[in-house]
Amino acid sequence: MPMAVGVIETLGFPSVLASADAMVKAAGVTIVYYGIAEGGRLIVAVRGHVAEVETAVAAGITAGEEIYGGQVITHYIIPNPPENVETVLPIHFTSKSEPFRIF
């Protein structure tokens, strides 16, 4: 089954925390990256099967927007990213994320 990556960028920590929490609770996905973009923006990326990532990102957007003052700046889903993208960008499974891998 094809793997996908889903990314949500928020303004502020409470929004990214709520988004990440909602994503892993809503679908069978694994957080593979989180970090600071710039200007108070934070990013969380998840991996899983395409349908699971779509469900997770939708739940993450809703949760991030429901936080008081929360703002989801952008989001994106890449179904089946090519190997060269996985090699360059931090969206692959690591030793930190492997114990939480669901599939």
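Visitor: How much accessible surface does the protein have, and what share of that surface belongs to carbon and sulfur atoms?

Guide: In this predicted model, the accessible surface of the protein comes to about 5,900 Å², and carbon and sulfur atoms account for 61% of that area. Burial can be read alongside this value: of the 103 residues of the protein, 38% count as buried.

Visitor: What do the radius of gyration and the spans along the principal axes say about the protein?

Guide: A compact globule with 103 residues would have a radius of gyration near 13 Å, and the protein has 13 Å, so the value agrees with that expectation. Along the principal axes, the C-alpha trace spans about 35 × 25 × 25 Å.

Visitor: Which helices and strands does the protein have, and in what pattern do they follow one another along the sequence?

Guide: The protein contains three helices and four strands, and reading along the sequence gives the pattern β-α-β-β-α-β-α. Contacts add the view across the chain: among those between residues at least 6 apart in sequence, 74% join residues at least 24 apart.

Visitor: Where does serine 19 lie, and is serine 19 buried or exposed?

Guide: Serine 19 lies in helix H1, which covers residues 13–26. Because the relative accessibility of serine 19 is 0%, this residue counts as buried, the cut-off for that class being under 20%. Once neighbours within four places in sequence are left aside, serine 19 is in contact with Ile8, Thr10, Gly60, Ala63 and Gly64.

Visitor: How does one look for empty space, and which residues line the largest pocket?

Guide: Rolling a probe the size of a water molecule over the atoms shows where empty space is left. Here the largest pocket holds about 230 Å³ of space, and the lining is formed by Thr30, Ile31, Val32, Tyr33, Tyr34, Pro90, Ile91, His92, Thr94, Lys96, Ser97 and Phe100. By residue type, this lining divides into seven nonpolar, four polar and one charged.

Visitor: Serine 97 is part of that lining; where does serine 97 lie in the chain, and which residues is serine 97 in contact with, leaving aside its neighbours within four places in sequence?

Guide: Serine 97 lies in the segment after helix H3, the helix of residues 83–88. Leaving aside neighbours within four places in sequence, serine 97 is in contact with Thr30, Ile31 and Val32, and these three residues also line the largest pocket. With 5% relative accessibility, serine 97 counts as buried.

Visitor: How far apart are serine 97 and tyrosine 76 in sequence and in space?

Guide: Serine 97 and tyrosine 76 are separated by 21 residues in sequence, and their C-alpha atoms are 20 Å apart in space.

Conventions
Residues numbered from 1 in each chain as written. Predicted model: local features only at pLDDT ≥ 70, side-chain atom pairs only at ≥ 80, totals over all residues. Heavy atoms only, no water. 1 Å grid on protein atoms, 1.4 Å probe; cavity = no way out; pocket = protein on both sides within 12 Å on 5 of 7 lines; lining within 4 Å. Points joined across faces, edges and corners; volume = space filled by probe spheres on them. Nonpolar A, V, L, I, M, F, W, Y, C, P; charged D, E, K, R; others polar. Helix = DSSP H or I, 4+ residues; strand = E, 2+ residues; numbered from the N terminus. Rg over C-alpha atoms; globule rule 2.2 N^0.38 Å. Buried < 20%, exposed > 50% of the residue type's maximum accessible area, 1.4 Å probe, protein only. Contact = heavy atoms within 4.5 Å. Areas by Shrake-Rupley, 256 points an atom, 1.4 Å probe, with all protein chains shown as cover.
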